[in-house]
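Work through the exercises below with the model open beside you. Try each task before you read its solution.

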Amino acid sequence: MNSHGAAPLIVRERGQREVFCGLTGIVWLHRKIQDAFFLVVGSRTCAHLLQSAAGVMIFAEPRFATAIIDERDLAGLADVHESLNEVVDQLLARRPNLRTLFLVGSCPSEVIKLDLDRAAERLGQRHGPGLRVLNYSGSGIETTFTEGEDRALTALVPAMPNRSAAGEAPDFLIVGALADVVEDQFRRLFAGLGIERVAFFPGNRSDALPTIGPDTRIVLAQPFLSATLKALEDRGGRHLPAPFPLGAEGTTAWLRAIASEAGVDAARFEAVTAAGRARAQKAMSRSRETLAGRQVFFFPDSQLELPLARFLSEELGMTLTEVGTPYVHRAIIDPELDRLPADLRVVEGQDVDAQLARVRAVQPDLTVCGLGLANPLEAEGLRTKWAIELVFTPIQGYEQAGDLAELFARPLRRKARLEALA
Amino acid sequence: MKLTLWSYEGPPHVGAMRVAASLKDIHYVLHAPQGDTYADLLFTMIERRASRPPVSYSTFQARDLGSDTATLFKDTVARAVETFQPKALLVGASCTAELIQDDPGGLAQALNLSIPIVPLELPAYQKKEDWGASETLYQLVRQLAGRVTPEAAAEARAALPGPSCNILGPMSLGFRHRDDLEEVRSLVEALGVRVNAVAPLGADPEAITHLGEAHFNIVLYPELARPAAEWLKRRFGQPMVETVPLGVSATREFIAEVAACAGVDPAPALALERRLRMPWYSLSVDSNYLTDKRVFIFGDGTHALAAARIAQEEMGFEVVGLGSYSRVMARPLRAAAEALGLEALITDDYLEVEAAIEAAAPELILGTQMERHIAKRLGIGCAVISAPVHVQDFPARYAPQMGYEGANVIFDSWIHPLTMGLEEHLLGMFSEDFEFSNDAAPSHLGHASHLAAVPSPASRGPKIAVEEAPSPAVGAENSVSWAPQAEAELKKIPFFVRKKARRNTEQFALDHGLGEITVETLYDAKAHFAR
C-alpha cells in the first residue's frame with residue numbers, strides 16, 4: 001500500500017485505439033526463439049504491418065512470413081487448407097531445420113473462421129515429429145500489441161514437459177522474453193544468491209522447453225502475460241507477484257520477492273545485490289537531474305506503462321499526470337499500483353482524440369506515445385518518447401537502469417541543446 | 001494463398017490513405033480493426049509528417065463483432081466530421097472490414113451530412129497499394145470535378161488569360177514526388193503556362209472540383225494518375241502530356257510536348273539547361289569507366305522504364321536486367337526489355353527478384369529499398385530509384401529525379417555506389433595487397449568496407465557473392481575441377497565479376513570437354529566470352 005493508503009483509481013475508456021495489434025510481437029519473438037518460424041495467415045495488411053514495424057528488413061531473411069489470403073481462398077474453405085499446405089511445404093523446403101512452426105491467426109483469418117487449431121494439428125501430423133506446429137491469434141480484434149507474445153507463450157505451455165518427480169522441475173520459472181544479455185545478468189545474480197534451479201521462458205530454443213510442476217514458482221519478467229500465467233497455473237505452477245525489474249528499486253524488489261521465497265537470508269541478498277544496485281543508482285544519476293520534477297504523460301501501448309510510471313516517479317522523481325494502458329490485470333500489476341500515488345489518473349483502454357485533448361491541456365514535459373503520434377505532438381511543441389523503443393530495447397535489471405532512464409532523459413536534453421533551432 | 005516475406009506494396013487502403021494525406025480539408029474514415037492504425041506511422045515517421053494523417057478508424061474488436069460494427073462505424077464518421085470539420089469525406093473498409101460487409105458508403109450516406117462523400121470500394125484480396133491510390137484519385141476527381149459541367153469549365157477556362165494545366169500524380173509517400181513537383185512546376189511556368197491545380201498533393205476539394213478548367217493535364221506517374229487523367233480527357237476534352245520527364249532526353253521531349261499542348265515556344269524552358277551538368281559529366285573522359293557497367297533495374301513501372309533508358313542512353317551502362325512490380329505497366333516494360341535483348345521480370349515476389357539478380361551478376365543495382373538489401377547481402381553497389389520508400393528517400397536537401405536538376409541528381413546518386421575509374425584499375429592490378437583488398441567496398445563508402453565480413457543471416461548459409469560456391473549448373477556427373485593455380489588466378493579478378501567469370505569458365509570447360517581448368521583455360525574462356 002502506498003503512503004496514501006489507497007491504490008490509484010482506474011478509469012475505463014472506449015473509442016478509437018491507436019495501438020499495434022498482437023502480430024507485432026513477432027518482430028522480437030522471431031529473434032528470441034531461434035528454431036521457430038512465425039507464419040501469419042492473413043492479408044497484405046498483416047505483411048505490410050510486420051514490414052513497417054520491423055523497420056523494413058533489418059534481417060535479410062527473417063524467421064517470419066505471411067501466407068497472404070487471396071480471393072480464391074475466400075471462395076471456399078476446403079481450398080484454404082489446401083493452399084496453406086502448399087505454403088507450408090514451400091516454407092519448409094527453404095527452411096528444413098525448423099523445430100517449431102507457429103501458425104499465427106490474424107483479423108481476416110478470425111473473421112472467416114479459419115480453423116487454425118485443426119490446420120496446426122493436420123500439419124503437425126504431416127511434418128512431425130521433427131516439427132511441432134502450434135497456433136495462436138495475433139489478430140487486432142483479439143490482441144493488443146504485447147498480448148501477441150502472451151498468446152504465443154500460452155500456445156507453447158502445453159508443450160512444456162511435466163515434472164515427473166519432485167526436484168526435477170525448476171523452483172523458479174522466469175516468464176517473458178528478455179534480451180539475452182539481461183537473461184545472463186539475472187542468471188549470475190541467481191547463482192550468487194544460491195538459487196540454482198531457475199529456468200527462463202521463452203529461451204532460445206523451442207525444442208528444449210523447461211519443465212513445469214507444482215513446486216514451480218512463476219515469476220513474470222513482463223507485465224503483459226496474463227494468459228500465459230493462467231496456463232502455467234493450470235499446470236500447477238504458483239504465481240509469485242512482484243514489482244517488475246525496472247530500475248534499481250524495481251529490480252531489487254523483484255529479486256527480493258524471489259530470494260525471500262527461496263529463503264535466502266537478508267545479509268546474503270544485500271551482499272549479492274549491493275554492487276548492482278549501486279551501479280544502477282550511479283548510472284541513473286545524470287538522467288535524474290534532467291527528469292526530477294518534470295511531468296510525464298503515458299499513452300497506452302504495451303502494458304509496461306504502470307511499471308514504467310512507478311520507475312519514473314519512485315526512482316527519478318518525475319510527476320505522473322495520466323497513465324494510459326491498454327489493460328490492467330490486477331493480480332499482476334497490484335505490486336506496482338501499490339507504489340503509485342493514490343491520486344494518479346490511470347486510464348484503461350483508449351479514446352485517442354479525447355486523450356489528445358487531455359495531453360494538450362496538461363502540456364506535460366514528456367509524453368510517452370506511439371510512432372503515429374510522436375512527430376505530430378513534437379510539432380505542437382511537446383517532447384515525446386517513442387513507446388516502442390521501451391519494448392525493443394533491453395531495459396530490465398540493474399545494468400540497464402541507466403539506459404532506461406536515459407531513454408526518457410534524452411528527448412529533454414536534446415531539446416535544451418537545440419534551443420537555437422526552436 | 002501466397003508465401004510472402006517482404007512486399008513491394010501495401011494493401012489498397014494504404015494507397016487511399018496516401019491520397020487522403022496529400023489533400024487538404026479532406027478526411028478518410030476507415031472501417032478497420034484495432035491495429036490497422038499502424039499505417040499512420042508511415043506518414044509520421046518515414047515522411048516525418050508533422051501532423052496526424054487525416055484518417056479516423058473504427059478500430060473494432062472481437063466484442064464489437066458480436067454486437068454492432070455498423071453503428072460503431074457510423075459513430076466514427078459522425079465524430080470525425082464534428083472533430084475535423086472536413087469539406088469532403090472519403091469512406092471505405094480495410095481488408096477485415098471488407099469481409100464483414102457493413103457497407104461504409106451506405107452508412108455514411110445515411111447520416112445526411114452536408115459535405116460530399118466519396119465511397120471507396122478497394123478489394124483488398126485482389127488489389128494493392130498503387131491501384132488503391134489510383135482508384136481513390138479517380139473516384140475523387142469523378143465525384144468532385146464531375147459537379148462542374150464541361151460547358152461551365154470551358155467558360156471558366158476562356159475567362160482566364162494564357163494556357164493552364166493541372167499536374168496530376170504527386171502524392172504523399174511517393175519517391176521524391178515533393179521535389180519532382182517543384183522541378184516540373186518550374187519548367188511549366190518557364191513556358192508561361194499557369195498551373196491550375198496539382199492533385200492530389202496540396203489540393204483541397206475546391207481545387208479538385210475545378211480541375212476541368214485547365215487546358216491540359218500533365219501525368220507525372222501513370223500508375224497513380226492515368227485513370228483520373230483519362231476521365232478528365234473524356235469529360236472535358238483535356239489532352240494528356242504523358243512523357244515523364246526523367247532523364248535529359250525525356251525532359252527535352254516533355255518540354256516539347258507541354259509547349260505543343262499549350263501552343264507556346266519551348267525555348268524559355270529549354271534555356272533552363274544552363275543548370276544541367278549531367279551530359280558533360282557523362283561525356284567527360286573521367287566517366288569512361290562507366291561504359292558497359294552491368295546494371296540490374298527493378299522498381300515501379302515509371303521509374304524502371306525511365307532508368308532503363310537513362311542507363312543505356314545517358315550513362316552508357318549495359319542493362320542486364322529490367323523488371324517491375326507494377327503489373328499495370330507490364331506492356332511498355334516488356335517492350336523496353338525486348339529492345340535491350342532481355343525479358344522483363346514482372347513480379348511482386350521478392351525472392352524471384354533476388355534470384356534474378358544473383359543470376360545476372362550485375363555490378364550495380366538500381367532498385368527499391370528491398371533491392372538495396374539484396375545488394376548489401378550480395379556485396380553489389382545499389383542506388384534507390386523507386387518506392388517503396390524509406391526515411392532515407394526523404395532527404396532534407398532538394399533532390400528531384402525529374403527535370404534538369406533531376407538528371408544531375410540521378411548522375412550523382414547512381415555513380416556514388418560504384419568503384420571509381422582509377423581505383424577500379426588499381427584494384428585489378430594489385431588485388432593481393434593485404435591493405436587494399438579486392439573484397440573491400442569503394443574507398444568513399446568506408447562504412448561498408450570488408451563486404452566479405454558481413455554476417456550472413458542465420459540458417460540460410462553464407463551465400464554472398466564474394467563467396468566461391470561452385471555454380472549449380474555444373475552437375476556431379478560431368479564435373480570440372482579447378483587446378484590450384486587457376487583457382488588462385490580467379491581470386492585476382494575483382495569480386496563483383498568473379499562469380500560470373502567462374503561460371504563462364506566452367507561452362508567453357510564443359511563445352512570443350514575439359515576435365516580440369518588451368519590458368520590457360522581461364523584465359524581461353526575470357527577471350528571466348530569477350531565481345
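**Exercise 1. A strand and its partners**

Which residue in β4(B) is the bridge partner of B:I26?

Solution. The partner is B:A88. This is a predicted model, in which local features need pLDDT of at least 70, side-chain atom pairs count only at pLDDT 80 or more, and totals for chains, interfaces and linings use all residues; side-chain values use heavy atoms, with hydrogens and water left out. Residues are numbered from 1 along each chain as its sequence is written, while chains are lettered from A and ligands numbered from 1 in the order in which they are written.

Step 1: place the strands. Helices (H or I, at least four residues) and strands (E, at least two) are DSSP runs, numbered from the N terminus. Strand β4 of chain B covers residues 88-93. Strand β2 of chain B covers residues 26-31.

Step 2: read the pairing. Two strands pair if DSSP finds at least two bridges between them. β2(B) and β4(B) run parallel and are joined by six bridges.

Step 3: add another partner. Strand β5 (residues 117-119) of chain B pairs with β4(B) in the parallel sense, over three bridges. There, B:P119 stands opposite B:V91.

Step 4: check the cover. Buried means under 20% relative accessible area, exposed over 50%, and partly exposed in between (1.4 Å probe, protein chains only). Six of the six residues of β4(B) are buried. One side carries B:A88, B:L90 and B:G92; the other carries B:L89, B:V91 and B:A93.

**Exercise 2. An open sheet in chain B**

Find the order of the five strands and the strands at the edges.

Solution. Step 1: the order is β12-β11-β10-β13-β14, with parallel pairing.

Step 2: the edges are β12 (345-346) and β14 (381-384), each pairing on one side only.

Step 3: look at one edge. Strand β11 (residues 318-324) and β12(B) share two bridges. B:G323 stands opposite B:L345.

Step 4: add the helices. Contact means heavy atoms within 4.5 Å. Axes are lines fitted to C-alpha atoms, for helices over the stretch in contact, and angles run from 0 to 180 degrees between N-to-C directions. Helix α15 (residues 301-315) of chain B lies across β10 and β11 of chain B, at about 175 degrees to β11(B). Helix α18 (residues 369-378) of chain B lies across β10, β13 and β14 of chain B, at about 170 degrees to β14(B).

**Exercise 3. The nonpolar core**

Which residues have the most contacts inside the largest nonpolar core?

Solution. Step 1: fix the term. A nonpolar core is a set of buried Ala, Val, Leu, Ile, Met, Phe, Trp, Tyr and Cys residues joined through side-chain atoms within 4.5 Å.

Step 2: name the residues. They are A:L39, B:I297 and B:W414, in a core of 268 residues.

Step 3: follow one of them. Leaving out residues up to four places away in sequence, B:W414 touches nine listed residues' worth of neighbours, including B:I310, B:F317 and B:L366.Step 4: look elsewhere. Apart from this core lies another, of twelve residues, among them B:A70 and B:F73.

**Exercise 4. Where the chains meet**

How many residues does the contact take from chain A and from chain B?

Solution. Step 1: the contact takes 66 residues from chain A and 57 residues from chain B.

Step 2: find the area. Buried area is the accessible area (1.4 Å probe) that two parts lose on being put together, summed over both. Between chain A and chain B it is about 5,500 Å², of which carbon and sulfur atoms give 60%.

Step 3: count the charged pairs. A salt bridge is a side-chain nitrogen of Lys or Arg within 4 Å of a carboxyl oxygen of Asp or Glu. Five salt bridges lie between the two chains. One pair is B:D348 with A:R44, whose closest N and O atoms are 3.8 Å apart.

**Exercise 5. A salt bridge in chain A**

Is A:R310 buried or exposed?

Solution. Step 1: A:R310 counts as buried because its relative accessible area is 0%.

Step 2: find its partner. A:R310 forms a salt bridge with A:E336, with 3.0 Å between the closest N and O atoms. The pair links helix α12 (residues 305-316) to helix α13 (residues 330-337) of chain A, 26 residues apart.

Step 3: check the partner. A:E336 is buried too, at 0% relative accessibility.

Step 4: widen the view. A:R310, A:E314, A:E315, A:E336 and A:R339 are linked in a network of salt bridges.
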